[in-house]
Amino acid sequence: MTHSASLNQTGEGTTDAPRARYLRIATLLGLLLLTSMGLSLALGSFPTSFVEVGHALVTPQDSDIAFIVWELRLPRIVLAVLVGAALAVAGAILQAIVRNPLASPDVIGITSGAALAAVAFLALFGTALSIHWLPASALTGALLAALLVFLLAWQRGISPSRMVLVGIGLSAAMGAVTTLLIVISDDAAAMYAYVWLTGSLYAAQWQDVLGLLPWLLVAVPLCLTRARHMDAMALGDQVAQGLGVHVLHSRLVLMACSVSLAGAAVAFAGGLSFVGLIAPHIAARLVGRGFARLVPTAALIGALIVLYADLLGRVAFLPKDLPAGIFVSGVGAPFFVYLLHRTRYRSG
Amino acid sequence: MPSTPAKTPRLTGEALHAGYESRRVLDGVDLAVAEGQLTVLLGPNGSGKSTLLKTLARTLTPSAGRVCLDGQDIHRRNTREVAQRLGILPQGPSAPEGLTVRQLVGMGRFPHRRLWRQDAERDARAIHAAMAYTDVAAFAERSVDALSGGQRQRCWIAMVLAQETDLILLDEPTTFLDLKVQVDLLELLSRLAHEHGRTLLLVLHDLNLAAAYADRLVMMRDGRIVTSGTPRDVFTATHLKGVFDLDARVLEDPETGSPICVPTPRRGARPSARPASPTVDRRCIS
Ligand SMILES: Nc1ncnc2c1ncn2[C@@H]1O[C@H](COP(=O)(O)OP(=O)(O)O)[C@@H](O)[C@H]1O
Ligand SMILES: [Mg+2]
């Protein structure tokens with residue numbers, strides 16, 4: 001049978017306004033991030049001018065300023081950017097999978113798993129063993145916690161809401177053990193643990209940057225290949241399956257991306273958890289639906305948040321160097337309350 | 001309606017048993033979905049209509065029996081290839097906040113797109129045609145969640161149409177809509193079958209609308225098919241009693257000849273001929 005005209009009309013050229021808007025916003029955010037990194041590079045406890053910093057950047061010789069710029073500030077700034085981006089993308093993935101804007105990688109136990117492992121490491125070895133092993137143990141803790149949540153929530157497939165419930169329960173249990181460990185460990189280790197738990201980029205090194213970068217280089221492109229699957233799953237599992245999405249498979253891949261990004265970020269910077277909650281939100285406000293646009297935008301916003309939180313911590317209360325986590329939470333907590341308030345009004 | 005020679009059905013369920021962890025629902029269902037026709041699945045709440053639709057659309061795996069699409073077990077086929085032939089709209093779908101109509105309809109193109117190979121022109125054509133057919137183009141850039149129930153349902157149907165499948169399964173596409181909107185939707189769906197050669201299987205709630213628009217009716221109860229056939233053959237008082245436990249008389253529409261059921265109120269429930277007070281309202285049967 002032939003299809004009548006109404007089903008065979010040619011498509012008119014559709015103006016793609018959202019796409020233009022996305023490109024504009026992403027470019028702006030990218031430029032903002034670059035200038036902010038430049039600003040951050042010039043500010044610190046040791047007074048440096050833009051000219052000196054610029055000079056030190058191009059001639060990384062043995063001057064004091066070159067050392068400050070290349071070995072102290074730059075790795076810390078780059079790590080802040082990577083951590084922010086990783087947490088934001090992890091949050092964007094998780095919120096999309098769980099279909100709940102209030103979810104963050106915390107809710108599936110990643111942060112508390114990393115915290116428990118880090119604190120256990122500090123309690124067992126004190127600060128005696130090289131602190132360089134701390135990220136590795138935190139990452140292991142994060143991945144194990146996520147795996148445990150996953151296994152406990154598995155029921156002929158994975159239900160996101162069940163995973164959140166299991167995650168919250170397990171997080172609470174791990175939090176209790178973490179507190180216990182801090183209480184019984186010596187003062188120096190306890191102090192270190194507190195700073196780590198708050199989230200800090202203090203004393204970041206190039207080694208940390210190199211430790212985190214590969215995770216981003218693998219997980220971000222991988223999750224982007226699943227962007228359209230994610231958009232389809234936003235319509236519900238059944239609609240997505242009907243459209244030909246392999247829901248379980250896609251969810252596993254995306255979950256693995258989220259867990260490894262959040263785990264790696266937390267391992268190198270501690271509990272900066274709110275970034276994963278806020279950044280995807282602001283990104284969604286700016287560029288709307290569409291996972292392929294949400295991910296880069298959220299990454300840029302997350303990078304900006306952590307960069308400025310760390311900058312504030314470094315220079316606002318000199319000579320003290322405060323953990324970036326304080327400022328992230330300072331902004332994040334009120335934002336969370338606002339979100340709760342808004343969702344209640346929407347559904348009520 | 002001209003009686004065309006029956007084409008071999010492309011979608012069939014054979015001895016299907018299916019259910020959920022907690023309970024079994026389908027209990028040996030055999031069904032062949034008639035090609036190029038509009039088939040309506042009827043049955044009381046919880047009789048397993050949605051479960052049957054999900055099983056036929058491979059979103060639920062049967063515990064026994066099998067579903068065949070074009071002669072092959074549907075669960076063994078590549079899910080994307082299935083989605084190029086069969087579209088399903090589940091019961092009560094919900095769109096995420098802020099998703100525009102055009103974006104929703106565009107999702108119907110998922111099975112035809114690949115990361116490295118996309119036919120943008122064909123996609124645009126299919127999306128445009130689906131929106132024109134369902135008459136949603138006027139609010140293409142608005143959020144789906146800000147539309148009326150009838151408009152929203154047309155958007156979802158447009159998404160399934162953009163999928164360009166020959167087989168379309170819809171679970172209660174008209175529930176909770178005004179009668180007029182239901183009629184408009186059914187007109188649209190019936191044209192899809194009769195003018196565009198699509199094969200449709202719908203779950204409907206309204207018995208009279210089902211009898212008026214269906215080429216074939218399938219009646220279910222307790223996870224089994226009780227009877228199936230043309231409305232004239234199966235839409236009888238006996239079957240309505242047997243399937244729905246409904247006491248009704250079945251009349252014939254003098255114009256179209258399609259059967260209509262009129263529930264027979266039990267004594268006492270019937271409104272009296274002379275109302276005791278003028279404020280007593282007469283409830284319409286719908
Ligand atoms: N996801 C589910 N999990 C468990 N039981 C379900 C689920 N969906 C439906 N059921 C049960 O299966 C039976 C048949 O449901 P369904 O196929 O939705 O009926 P219908 O669509 O005819 O109203 C009902 O008793 C219902 O409670
Ligand atoms: Mg149903």
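Is B:Asp245 buried, partly exposed or exposed, and what is its relative accessible area? In this predicted model, B:Asp245 has a relative accessible area of 48%, so it counts as partly exposed. A cut-off helps here: the exposed class begins over 50%. You will find B:Asp245 in the loop between α9 (237-244) and β11 (248-252) of chain B. Its backbone deserves a look too, as phi is near 60 degrees, a positive value in a residue other than glycine.

Another aspartate in chain B invites the same kind of look. B:Asp222 is not a glycine either, yet its phi is positive, at about 50 degrees. This residue sits in the loop between β9 (216-221) and β10 (224-229) of chain B. With a relative accessible area of 57%, B:Asp222 is exposed.

Let us stay in chain B and turn to the metal site. Which protein atoms serve as donors to the magnesium ion, ligand 2? They are OG of B:Ser50 and OE1 of B:Gln91, lying 2.0 to 2.3 Å from the ion. B:Ser50 belongs to helix α1 (residues 49-56), while B:Gln91 comes from the loop between β6 (86-89) and α3 (101-107), so the pair ties together parts of chain B that are 41 residues apart in sequence. The two donors also differ in their cover: B:Ser50 counts as buried because its relative accessibility is 18%, whereas B:Gln91, at 43%, is partly exposed.

Following the chain past helix α1 brings us to B:Thr59, in the loop between α1 and β4 (64-69) of chain B. Here the two chains meet: leaving aside residues up to four places away in sequence, B:Thr59 touches A:Gln238, A:Gln241 and A:Gly242, along with B:Lys54. B:Thr59 counts as buried because its relative accessibility is 14%.

Next come the charged pairs. Over all chains, the structure holds 16 salt bridges. One of them joins B:Arg10 to B:Asp166, with the closest N and O atoms 3.0 Å apart. This pair links distant parts of the chain, 156 residues apart: B:Arg10 is in the segment before β1 (11-19), and B:Asp166 is in the loop between α5 (149-162) and β7 (167-171) of chain B. B:Asp166 is partly exposed, with a relative accessible area of 37%.

For a pair within one helix, look at B:Asp184 and B:Lys180, whose closest N and O atoms are 2.9 Å apart in a salt bridge. Both lie in helix α6 (residues 179-196) of chain B, 4 residues apart, which is about one turn of the helix. B:Asp184 is partly exposed at 37%, while B:Lys180 is exposed at 57%.

A further salt bridge brings together the side chains of B:Lys241 and B:Asp247, at 3.3 Å from N to O. Both partners count as partly exposed, B:Lys241 with a relative accessible area of 36% and B:Asp247 with 28%. Elsewhere, salt bridges with shared partners join B:Arg109, B:Arg113, B:Arg122, B:Asp123 and B:Glu164 into one network.

Now for chain A. An unreviewed UniProt entry lists several spans of this chain as "transmembrane region", among them residues 164-184 and 291-310. How do these two look in the model? Residues 164-184 are 100% helix and 0% strand, and the end C-alpha atoms lie 30 Å apart. Residues 291-310 are likewise 100% helix and 0% strand, with 28 Å between the end C-alpha atoms.

A:Tyr308 is a good residue to pick out next, as it is part of helix α13 (residues 291-315) of chain A. At 33% relative accessibility, A:Tyr308 counts as partly exposed. Together with A:Leu39, A:Leu43 and A:Phe50, A:Tyr308 makes a nonpolar surface patch of about 350 Å².

Our last stop is A:Ala56, in helix α2 (residues 50-58) of chain A. Is A:Ala56 buried or exposed? It is buried, because its relative accessible area is 3%. Not counting residues up to four places away in sequence, A:Ala56 touches A:Ile65, A:Ala66, A:Val69 and A:Trp70. To get a sense of scale, compare its position with that of A:Asp187: the two are 131 residues apart in sequence, and their C-alpha atoms are 39 Å apart in space.

How values were computed
Residues numbered from 1 in each chain as written. Chains lettered and ligands numbered in written order. Predicted model: local features only at pLDDT ≥ 70, side-chain atom pairs only at ≥ 80, totals over all residues. Heavy atoms only, no water. Patch = residues over 30% accessible without salt bridge, like charges linked within 9 Å, V, L, I, M, F, W, Y side chains within 5 Å. Areas by Shrake-Rupley, 256 points an atom, 1.4 Å probe, with all protein chains shown as cover. Salt bridge = Lys/Arg side-chain N within 4 Å of Asp/Glu carboxyl O. Helix = DSSP H or I, 4+ residues; strand = E, 2+ residues; numbered from the N terminus. Buried < 20%, exposed > 50% of the residue type's maximum accessible area, 1.4 Å probe, protein only. Donors = N, O, S within 2.8 Å, 3.2 Å for Na, K, Ca; no water. Contact = heavy atoms within 4.5 Å. UniProt positions renumbered as here; feature names shortened; annotations may be inferred.
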